[in-house]
Amino acid sequence: VALSAVLYGAKDLRIENRPVPEPAAGEVEVRIGAGGICGTDLHYFNHGGFGVVRLREPLVLGHEIAGTITKVGDGVADVALGQRVAVNPSHPCNACKYCLKGLQNHCLDMRFYGSAMRFPHVQGAFQQKLVCHASQAIPIPDTLSLNEAACAEPLAVGLHGVRRAGDLVGKRVLITGAGPIGVLTAMAARRAGASEIIVTDIVDHPLSIARECGADQTINTAASPELLAPLVAGKDGVDVLFECSGSNRALVSALAVVRPHGIIVQIGLGGDFTFLMNLVVAKEIDLRGSFRFHEEFHAAVQFLATQRIVVQSLLTQTVPLSDAVRGFALANDRQRAIKVQIAFD
Ligand SMILES: [Zn+2]
Ligand SMILES: [Zn+2]
């Protein structure tokens, strides 16, 4: 058995022992060291789900994890006992028509940790011990902390968004939402060649982190919406908008500053949006969705391992597993927290 963080309903998170199976052939057991609380986890915790996705049975939360291999099943050659790894929470079938096209994030039989999208739910990874397929365990160097390695998942989301945008070389980019996904997308966009990166939010603290992480300009659109105005004048707007807040208002105000033939990549999951489709039509804007990731997970681990993307300043708090409820409350407080992680040792 191992202690796990199990959600029974909105605000009803319990730390309890759950059975841990022996790793089968091709599987490994990972002693989880760090687990990041994601916006999705928060939605489950705060509201018992999001949109039409509702909690229908107790769900172990968590999908941003890293740890150390403690058991190895038969036939596993790539990772050894004691190896420190980032765990990819995505487990596609690799056999359906989308997987065969290389679009694993659209797998018809996806098993993504800590998700109530299917029933029975796919249990998550906020457990002291996790058994996963060996291919999900990506080795990391000793120079990378497990806390940083646990950011590979949200970084992969940012990298996938950047890929959806296409060529960013020399482009002026706007990112709405300075949460972990927004800031990681900013760093990924910089690596992809963006020349100017503007980040907006309605809270100052995450904007200061975005600046620390390399944003050229940050704007608090609640306090100073007029700072967006120069971007609207003379159609001198941004080439690409990454909408990372999931907020309807953010998209509406940003839509005005996307230049003709600009691209909007919608990463934030916000449910129902209402906006002026006329602007999309008149400016011939490309509106693109971006959902999870696939091979970008490996690229994310690589970026972190080589310190080409450094996530230290995003890691604002770590709480012990026994204090997970406090961790979720903290994660809700955007004045204080960017990324809250749980320590499982
Ligand atoms: Zn996440
Ligand atoms: Zn598939």
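The charged end of Arg292 sits over the ring of Phe112, at 4.0 Å from the ring centre. The model is a predicted one, and this contact is a convenient place to enter it. Arg292 belongs to the loop between strand 18 and helix 10 (296-305). Its relative accessible area is 15%, so Arg292 counts as buried, the limit being under 20%. The backbone of Arg292 has a positive phi of about 50°, although the residue is not a glycine. In general, most residues other than glycine have a negative phi. Phe112, the ring beneath the charge, forms one aromatic cluster with Phe293 and Phe297.

A second residue that is not a glycine, Glu284, also has a positive phi of about 50°. Glu284 lies in the loop between helix 9 (277-282) and strand 18 (286-289). With a relative accessibility of 51%, Glu284 counts as exposed, because the class begins over 50%. Arg292, by contrast, is buried.

Another backbone feature is the peptide bond between Phe119 and Pro120, which is cis, with omega about -5°. Most peptide bonds are trans. Pro120 is located in the loop between strand 10 (111-112) and strand 11 (129-133).

The model holds two zinc ions to consider. The zinc ion (ligand 1) is coordinated by Cys38 (SG), His63 (NE2), Glu64 (OE) and Glu153 (OE), at 2.2 to 2.5 Å. Along the chain these donors follow the spacing C-x24-H-E-x88-E. Cys38 is in the loop between strand 3 (27-36) and helix 1 (39-47), while His63 is in the loop between strand 6 and strand 7 (64-72), so the pair ties together parts that are 25 residues apart in sequence. Both residues of this pair, Cys38 and His63, are buried.

What is the geometry of the site of the zinc ion (ligand 1)? The angles among its four donor atoms run from 85 to 169°, and the site is irregular. A tetrahedral assignment requires all angles to lie between 85 and 135 degrees, so the upper end of this range rules it out.

The zinc ion (ligand 2) has four cysteine donors: Cys93 (SG), Cys96 (SG), Cys99 (SG) and Cys107 (SG), at 2.3 to 2.4 Å. Their spacing in sequence is C-x2-C-x2-C-x7-C. Here the angles among the four donor atoms are 101 to 119°, and the site is tetrahedral. For four tetrahedral donors the ideal angle is 109.5 degrees. Among the donors of the zinc ion (ligand 2), Cys99 and Cys107 are both buried.

Glu153, a donor to the zinc ion (ligand 1), leads to helix 4, where Glu153 is one of the buried residues. Helix 4 covers residues 152-165; at 1.5 Å a residue its 14 residues should span 20 Å, and its end C-alpha atoms are 20 Å apart, which agrees. Twelve of the 14 residues are buried, so helix 4 is largely enclosed by the rest of the structure. Among the buried residues are Leu155, Val157, Leu159, His160 and Val162. Gly166 follows helix 4 and has a positive phi, near 85°.

Helix 1 comes after the loop that holds Cys38. Its buried residues are Asp41, Leu42, Tyr44, Phe45 and Asn46. In general, an α-helix has 3.6 residues a turn, so residues three or four places apart point the same way. Just after helix 1, Gly48 takes a positive phi of about 75°.

A search of the whole structure finds five aromatic pairs. One of them joins Tyr44 and Phe50, whose ring centres are 5.5 Å apart, with 55° between the planes; the pair is tilted. Tyr44 and Phe50 are both buried.

The last element is an open sheet of three strands, ordered 2-1-6, with antiparallel pairing. Strand 2 (12-18) and strand 6 (59-60) stand at the edges and have a single partner strand each, so one side of each is left without a neighbour in the sheet. Strand 1 (residues 2-9) runs antiparallel to strand 6 and is joined to it by two bridges. Within this pairing, Leu7 stands opposite Leu59 of strand 6. Arg14 lies over the face of Tyr8, at 3.7 Å from the ring centre.

Note on methods: Residues are numbered from 1 along each chain as its sequence is written. Chains are lettered from A and ligands numbered from 1 in the order in which they are written. This is a predicted model: local features need pLDDT of at least 70, side-chain atom pairs count only at pLDDT 80 or more; totals for chains, interfaces and linings use all residues. Side-chain values use heavy atoms; hydrogens and water are left out. Two strands pair if DSSP finds at least two bridges between them. Helices (H or I, at least four residues) and strands (E, at least two) are DSSP runs, numbered from the N terminus. Donors are N, O and S atoms within 2.8 Å of the metal (3.2 Å for Na, K and Ca); water is not among the atoms, so sites may look incomplete. Four donors count as tetrahedral if all angles lie between 85 and 135 degrees; four count as square planar and six as octahedral if opposite donors are over 155 degrees apart and all others between 65 and 115; anything else is irregular. Buried means under 20% relative accessible area, exposed over 50%, partly exposed in between (1.4 Å probe, protein chains only). The expected span of a helix is 1.5 Å times one less than its number of residues. Rings of Phe, Tyr and Trp (its six-membered ring) pair if their centres lie within 6.5 Å; planes under 30 degrees apart count as stacked, over 60 as edge-to-face and the rest as tilted. A charge sits over a ring if NZ of Lys or CZ of Arg is within 6 Å of the ring centre and within 35 degrees of the ring normal.
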